[in-house]
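Dear colleague,

Please find below the structure that I am handing over to you, followed by an account of what was found in it.

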Amino acid sequence: MKLLYSFLKDMRLSFKSFYIYIEIGFALIFVAIMLFVVPENIRPQVTVYAHIDLPESYLSAAEGALSKEGYDITMLSSREEVESEIASHRSSVGLVVSPEGGKIVYDYILQGYESEKFKNVIKASIEGTFVKMAPGFQDVTSVTTIEGDIEKLSTRLNMLPVFLGLNAAFMGLFIIAAYIFLDKEEGTIKAFAVTPAKVWHYLASKMGVMLVTGLLSGLIATVFIAGGKAHYFHLIMLIISLNAFGSALGLFIASFFDTMTKAMGWLYVSIIILAFAAVSYYMPAFSPLVIRILPSYPMLFAFRETLHEVVDLGYVYANVGGFAAAAVVFFLLSNYRFKKTLTV
Amino acid sequence: MIKVEGLYHSYSHDDKYAVRDASFEITRGEVFGFLGPSGAGKSTTQGVLTGLLQLQKGNVSVAGYDVKKPVRKMFNKIGVSFEQSNVYGKLTALENLEFYRKLFDVPTRDAMELLEIVGLDHVANQRAAEFSKGMKHRLTFIRSMINNPEIWFLDEPTTGLDPAIASEIKDIIKREKEKGTTVFLTTHNMFVADELCDRVGFIIDGEIKLIDSPRNLKLQYGEKLVEVDYRKNGGTVREKLSFIDESDRRRLNEIVNTGAIEMMHTKEATLEEIFIKVTGRGLE
Ligand SMILES: Nc1ncnc2c1ncn2[C@@H]1O[C@H](COP(=O)(O)OP(=O)(O)OP(=O)(O)O)[C@@H](O)[C@H]1O
Ligand SMILES: [Mg+2]
């Protein structure tokens with residue numbers, strides 16, 4: 001009951017202060033940018049110069065597949081022409097496909113851009129045509145798709161996990177510490193400390209406020225951007241566990257300091273470190289171990305999973321469970337520390 | 001109700017003690033005044049007794065609970081008013097009290113009634129942030145009595161209040177005392193102490209110098225003085241003379257014999273004067 005009353009009081013206080021409105025306002029701004037500024041899909045602006053020495057039907061199959069993926073394709077009549085074109089256009093790729101002794105030889109001239117994906121598109125379309133035209137045809141080279149059969153999200157949806165990670169999950173880290181130092185400054189923490197209510201009531205009610213704020217901003221953003229495409233139940237479970245983790249970590253860090261100014265540095269550093277995971281999230285090619293071991297790394301992919309048509313439940317709930325367990329550990333540690341230092 | 005033995009406290013966890021080897025006992029229903037100049041260690045002692053500061057060294061028991069092994073239930077029995085008011089500025093006076101009430105497991109007093117006692121009922125629904133210093137102080141004060149505490153800790157309850165309100169607060173404390181509440185009262189106002197306290201303790205630089213009742217202290221240290229106004233050479237002269245001092249007594253006789261006395265009255269030493277005598281220091 002004391003927990004409930006503390007929570008209700010803290011909710012009331014938070015509605016009388018700015019933060020919760022800032023957080024919701026921020027969610028709305030994010031939504032507005034996503035819907036009105038960012039196109040649903042950003043198409044790669046890459047020009048392909050191709051010489052395909054095969055019958056017309058293969059040619060048009062390859063052309064169709066590439067332009068569907070957003071490439072700009074120009075057909076040329078010889079290998080030499082391809083080479084000279086790409087030499088003068090930096091972000092272009094070259095492609096020469098020719099039959100040789102019953103096999104098809106793919107010759108890619110790439111300049112480092114989306115090489116694997118590009119190869120797959122070409123192979124798949126040309127070989128697809130082979131299968132259609134000559135049922136008996138068997139390819140000697142195998143087609144490997146790098147991304148497996150993972151669904152591709154639209155650009156907007158793909159950005160949503162980063163917002164959820166920073167705002168719904170980890171913002172509490174900072175704010176909960178600020179709330180505690182505010183109470184310390186106002187002295188109300190001392191008044192609370194001389195009642196029969198327990199320290200963990202105090203801490204948990206603050207976490208409750210963070211959770212409500214996190215859920216509000218996370219759901220606002222998701223409803224507008226993903227609409228019916230998100231799996232809300234799993235998403236909510238994930239936000240609850242991650243938000244609890246974020247604020248418990250914030251409590252733990254705050255327990256080492258007696259003013260916001262002193263705690264600020266550590267809180268800031270931890271947010272920045274956690275945010276690094278977003279880099280690898282957008283550039284899978286750059287995912288060194290130091291980033292993959294950050295808690296925010298699996299978190300982003302778990303959020304993304306809840307936006308897929310088919311959710312990898314094992315992955316999502318491994319995250320829910322793991323972060324919830326970590327939250328409990330940090331909460332217990334904070335409670336232990338704050339019992340001694342809350343009123344000092 | 002309160003028993004303190006060999007209490008030491010150092011904020012820096014070294015041998016710079018804010019309180020040093022304090023020992024005293026307060027019995028049920030007693031009003032104990034803790035007197036001393038600024039920085040003497042009064043609030044520090046109250047902090048340890050109320051569990052806000054960790055007990056580092058010594059034995060302290062409050063309301064039958066050993067402070068070394070804190071139990072939250074203890075706080076049902078005690079009330080604490082702070083020297084710096086600490087209420088939620090964003091909540092109204094009434095909301096502050098209503099929230100606080102719910103944190104106790106024992107019957108609590110009606111919030112509106114408490115506000116009335118200190119004349120805050122007309123601003124019950126105003127945010128505490130808009131209150132004056134004295135209003136916030138009164139709110140902090142009444143909050144401390146919401147759970148009908150058996151032991152009431154009051155840190156400077158009258159400091160910074162205008163005389164009318166200060167005297168109201170004094171009356172409230174008197175009434176609670178009559179109900180049998182034990183009071184630990186910290187102050188550097190000797191008049192408040194003299195009027196309210198059964199016993200007082202003098203503390204200076206973290207050390208308790210002396211504990212006794214105001215009456216005993218006056219009997220022991222307060223020499224009786226007599227103030228005489230008499231006519232001399234067309235004007236009026238005032239002299240302060242001791243009943244104890246031999247030459248003062250002779251002088252008094254002389255003045256009486258001249259028959260020129262206009263006014264004469266005896267004067268008791270104040271607690272403040274005794275404090276200065278005992279500790280060699282003033283209170284401010
Ligand atoms: N939080 C703190 N950290 C470090 N030192 C402190 C702290 N609070 C008090 N002190 C020191 O402890 C000593 C006793 O302070 P305390 O507040 O107990 O005095 P006090 O008797 O209540 O004075 P006042 O009448 O001004 O309220 C002082 O020297 C003070 O500087
Ligand atoms: Mg003090």
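A residue is called buried if its relative accessible area is under 20%, exposed if that area is over 50%, and partly exposed in between. Please bear in mind that this is a predicted model.

I begin with the magnesium ion. B:S43 has a relative accessibility of 25% and therefore counts as partly exposed. B:E83, with a relative accessible area of 37%, is partly exposed as well. These residues coordinate the magnesium ion (ligand 2): B:S43 does so through OG and B:E83 through OE, at 1.9 to 2.8 Å. The pair links distant parts of the chain, since B:S43 belongs to helix α1 (residues 42-49) of chain B, whereas B:E83 sits 40 residues apart from it, in the loop between β6 (78-81) and α2 (93-101) of chain B.

B:S43 also appears at ligand 1, where B:S38, B:G39, B:K42, B:S43 and B:T44 come nearest among 13 surrounding residues. Oxygen atoms of ligand 1 take part in several polar contacts:

- a backbone N or O atom of B:G39, at 2.8 Å;
- a side-chain N or O atom of B:K42, at 2.8 Å;
- a polar side-chain atom of B:T44, at 2.4 Å.

Lastly, the second largest pocket has a volume of about 640 Å³. It is lined by 26 residues, and those closest to its centre are A:K339, A:K340, B:G51, B:P70 and B:R72. By type, the lining comprises 16 nonpolar, five polar and five charged residues. In chain A, α8 (188-193), α9 (199-225) and α15 (313-341) each supply at least two lining residues, and the largest share, four residues, comes from α15(A).

With kind regards

Definitions and conventions: Residues numbered from 1 in each chain as written. Chains lettered and ligands numbered in written order. Predicted model: local features only at pLDDT ≥ 70, side-chain atom pairs only at ≥ 80, totals over all residues. Heavy atoms only, no water. 1 Å grid on protein atoms, 1.4 Å probe; cavity = no way out; pocket = protein on both sides within 12 Å on 5 of 7 lines; lining within 4 Å. Points joined across faces, edges and corners; volume = space filled by probe spheres on them. Nonpolar A, V, L, I, M, F, W, Y, C, P; charged D, E, K, R; others polar. Donors = N, O, S within 2.8 Å, 3.2 Å for Na, K, Ca; no water. Buried < 20%, exposed > 50% of the residue type's maximum accessible area, 1.4 Å probe, protein only. Near = heavy atom within 4 Å. Polar contact = N/O pair within 3.5 Å; in protein donor to acceptor, adjacent residues only side chain to side chain.
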